[in-house]
Amino acid sequence: MTTTKAQRLADTIRHWGGVTPHQVADELLRLEAQAAASLSALKATKATLERVNQERGGPIVDTIWHGPGETLFDFIDAAIQEAEGTA
């Protein structure tokens, strides 16, 4: 199993050695930027899907299901709300 940098830093902090507060701060900022970029990509994907879903004769001709009773749009909306802390 692959260990992420965040997991390694957390383990190091737990054992009080080998990492500086600056390294922790840098990793937290990197993770925050990565999360923001992922959220932005998810929102852009949703916008594209919504646009093509409304095109007459477009490529989406039926409901796209993520799972039983949950459309892909519902799934994306829930993920966005969770990432924004509004769920």
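Is Arg-8 buried, partly exposed or exposed? Hold that thought for a moment, everyone, while I say what we have on the screen. This is a predicted model, and I would like to walk you through it from one end to the other.

Back to the opening question. Arg-8 counts as partly exposed, because its relative accessibility is 44%, and partly exposed covers the range between 20% and 50%. You will find Arg-8 in helix H1, which spans residues 5–14. Now look from there towards Val-19: the two residues are 11 positions apart in sequence, and their C-alpha atoms sit 9.8 Å from each other.

Let's zoom out to the whole chain. It has 3 helices and 2 strands. Reading from the N terminus, the order is α-α-β-β-α. The radius of gyration is 19 Å, well over the 12 Å that the globule rule gives for 87 residues, so the chain is more spread out than a compact globule. You can also picture a box around the C-alpha atoms: along the principal axes, that box is roughly 60 × 25 × 25 Å.

How much of the chain counts as buried? The figure is 13% of the 87 residues. The accessible surface comes to about 6,900 Å², and carbon and sulfur atoms make up 57% of that surface. As for contacts with a separation of 6 or more, 38% of them join residues 24 or more positions apart.

A quick word on charge. The chain carries 8 positive and 12 negative side chains. The centres of those two sets are 6 Å apart.

Now for the inside. In soluble globular proteins, nonpolar side chains tend to be buried together. Which residues form the largest nonpolar core here? There are 6 of them: Leu-39, Leu-49, Val-52, Ile-60, Ile-76 and Ile-80. Helix H2, residues 21–53, and helix H3, residues 72–84, each supply at least two residues of this core. The largest share, 3 residues, comes from H2. To see one of these core residues at work in the picture, find Leu-39: leaving aside neighbours within four places in sequence, Leu-39 is in contact with Ile-80, Ala-83 and Glu-84.

Let's stay on helix H2 and visit three charged residues there. Lys-46 lies in H2, and with a relative accessible area of 18% this lysine counts as buried, because the cut-off for buried is under 20%. Beyond its neighbours within four places in sequence, Lys-46 is in contact with Phe-73, Ile-76, Asp-77 and Ile-80. Two of those names, Ile-76 and Ile-80, we have just met in the core.

Glu-50 is in H2 as well. This glutamate is partly exposed, at 34% relative accessible area. Glu-50 and Phe-73 are 23 residues apart in sequence, with 8.4 Å between their C-alpha atoms.

The third is Asp-26, also in helix H2. How far is Asp-26 from Phe-73 in space? Their C-alpha atoms are separated by 34 Å, and their positions lie 47 residues apart along the chain. Asp-26 is exposed, with a relative accessible area of 53%.

Last stop: the strands. Strand E1 covers residues 65–67, and His-66 lies in it. Strand E2 is made of residues 70–71, and Thr-71 belongs to that one. Are these two residues buried, or partly exposed? Thr-71 is buried, at 16% relative accessible area, whereas His-66 is partly exposed, at 42%.

Who do they touch? Not counting residues up to four places away in sequence, Thr-71 touches Thr-63, Ile-64, Trp-65 and His-66. Looking from the other side, and again setting aside neighbours within four places, His-66 is in contact with Thr-71, Leu-72 and Phe-75. His-66 can also be placed against a core residue: Ile-76 is 10 residues away in sequence, and the C-alpha atoms of the pair are 9.3 Å apart.

So, to leave you with a picture of this predicted model: the elements run α-α-β-β-α, helices H2 and H3 each give at least two residues to the largest nonpolar core, and the chain is more spread out than a compact globule. Thanks for listening, and do turn the model around for yourselves.

How values were computed:
Residues numbered from 1 in each chain as written. Predicted model: local features only at pLDDT ≥ 70, side-chain atom pairs only at ≥ 80, totals over all residues. Heavy atoms only, no water. Helix = DSSP H or I, 4+ residues; strand = E, 2+ residues; numbered from the N terminus. Buried < 20%, exposed > 50% of the residue type's maximum accessible area, 1.4 Å probe, protein only. Contact = heavy atoms within 4.5 Å. Rg over C-alpha atoms; globule rule 2.2 N^0.38 Å. Areas by Shrake-Rupley, 256 points an atom, 1.4 Å probe, with all protein chains shown as cover. Lys, Arg positive; Asp, Glu negative; His and termini not counted. Charge placed at Lys NZ, Arg CZ, Asp CG, Glu CD. Core = buried A, V, L, I, M, F, W, Y, C linked by side-chain atoms within 4.5 Å.
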